[in-house]
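Please go through the strands and helices of this model by question and answer.

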Amino acid sequence: MTRLHPVPLLFLAALVMGGCGDDDELPPLAPKPKPTAELASPEITLGMLQRAYEARDSVTTGRVYDTGYAGTSTDLNDPPGSQTVNFTRADEIAHVAALARSTTVTGVTCDLGSPTSWLPLPSDDLAHPEWTMIHIVGGNIRIEIADGASILQAGGASEMMTFYFAPHPDSTSPTGTIWKVIRWDESRAGVP
């Protein structure tokens, strides 16, 4: 038969005795939502997208894109009928994940200019006046993927990007709203 040590028994007795009063009742513990500044403005969301792309972080990439996201890339230098390519949220996440898995990609740069130049504007989409948009003109855009001996580039004077952000109520945001990229239109003007 095992003999119980008196110190733990005294400790347990003290715990039981201390919990017998009516005034010791504690309210149920409910975890408080963790406050977050993530996605609290279109500018913060665009900065997160930029950093996630450079870090090849597909999880954060998934957080910045709205589930209804639709992207387009139009290059007027391409033959008619193949000038516009469409992208979904899943395409964007898969692209970043592929960059992360690649053994030949040695660096990714996503420079969308100074955040002070990212001026949120009212939506020009009449069906979605609640959206906000940010235009970025060519001279401020430099996207590069170093892949082995090749460097894939986007940007330059003929390039323009417009990001559209959809608001979502969120009590953990300091603004009460989070913003996700709902649309991204990229275009490259034809060069004669």
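The turns below take the two sheets, a helix on each, and one loop residue.

Student: What should be known about the model and its numbering?

Tutor: Residues are numbered from 1 along each chain as its sequence is written, and side-chain values use heavy atoms, with hydrogens and water left out. This is a predicted model, in which local features need pLDDT of at least 70, side-chain atom pairs count only at pLDDT 80 or more, and totals for chains, interfaces and linings use all residues.

Student: In what order do the 6 strands of the open sheet with mixed pairing lie?

Tutor: Strands here are DSSP runs (E, at least two residues) and helices are DSSP runs (H or I, at least four), numbered from the N terminus. Two strands pair if DSSP finds at least two bridges between them. Strand 2 (84–88) and strand 4 each pair on one side only, as the edge strands. The order of the sheet is 2-1-9-8-5-4.

Student: How many bridges join strand 4 to strand 5?

Tutor: Strand 4 covers residues 121–122 and strand 5 covers residues 132–137, and the two run antiparallel. Leu121 stands opposite Met133, and the bridge partner of Pro122 is Thr132. The number of bridges is 2.

Student: Which residue of strand 8 stands opposite Ile136?

Tutor: Strand 5 also pairs with strand 8 (residues 159–169), in the antiparallel sense and over 6 bridges. Opposite Ile136 stands Met161.

Student: At what angle to strand 2 does helix 4 run?

Tutor: Axes are lines fitted to C-alpha atoms, for helices over the stretch in contact (heavy atoms within 4.5 Å), and angles run from 0 to 180 degrees between N-to-C directions. Helix 4 lies across strand 1 (65–75), strand 2 and strand 9 (177–188). Its angle to strand 2 is about 85 degrees.

Student: Why are the buried residues of helix 4 placed on the same side?

Tutor: Buried means under 20% relative accessible area, exposed over 50%, and partly exposed in between, with a 1.4 Å probe and protein chains only. Glu92, Val96, Ala97 and Leu99 are buried in helix 4, whereas Ala90 and Arg101 on the other side are exposed. The arc is taken from the directions from the helix axis to the C-beta atoms. The buried residues lie on the same side of helix 4 because they cover an arc of only 155 degrees.

Student: What span should helix 4 have at 1.5 Å a residue?

Tutor: The expected span of a helix is 1.5 Å times one less than its number of residues. Helix 4 (residues 89–101) has 13 residues, and its end C-alpha atoms are 18 Å apart, in agreement with an expected span of 18 Å.

Student: In what order do the 3 strands of the antiparallel open sheet lie?

Tutor: Strand 3 and strand 6 pair over 6 bridges, with Asp111 bridged to Arg142. Strand 6 (residues 142–147) and strand 7 (residues 150–155) pair over 6 bridges as well. The order is therefore 3-6-7.

Student: Which residue in the turn between strand 6 and strand 7 has a positive phi?

Tutor: These strands form a hairpin with 2 residues between them. Ile145 stands opposite Leu152 in strand 7. The turn residue, with a phi of about 65 degrees, is Gly148.

Student: Is Pro120 buried, exposed or partly exposed?

Tutor: Pro120 lies in the loop between strand 3 and strand 4. Not counting residues up to four places away in sequence, Pro120 touches Glu43, Thr132, Met133 and Ile134. Its relative accessibility is 37%, so Pro120 counts as partly exposed.
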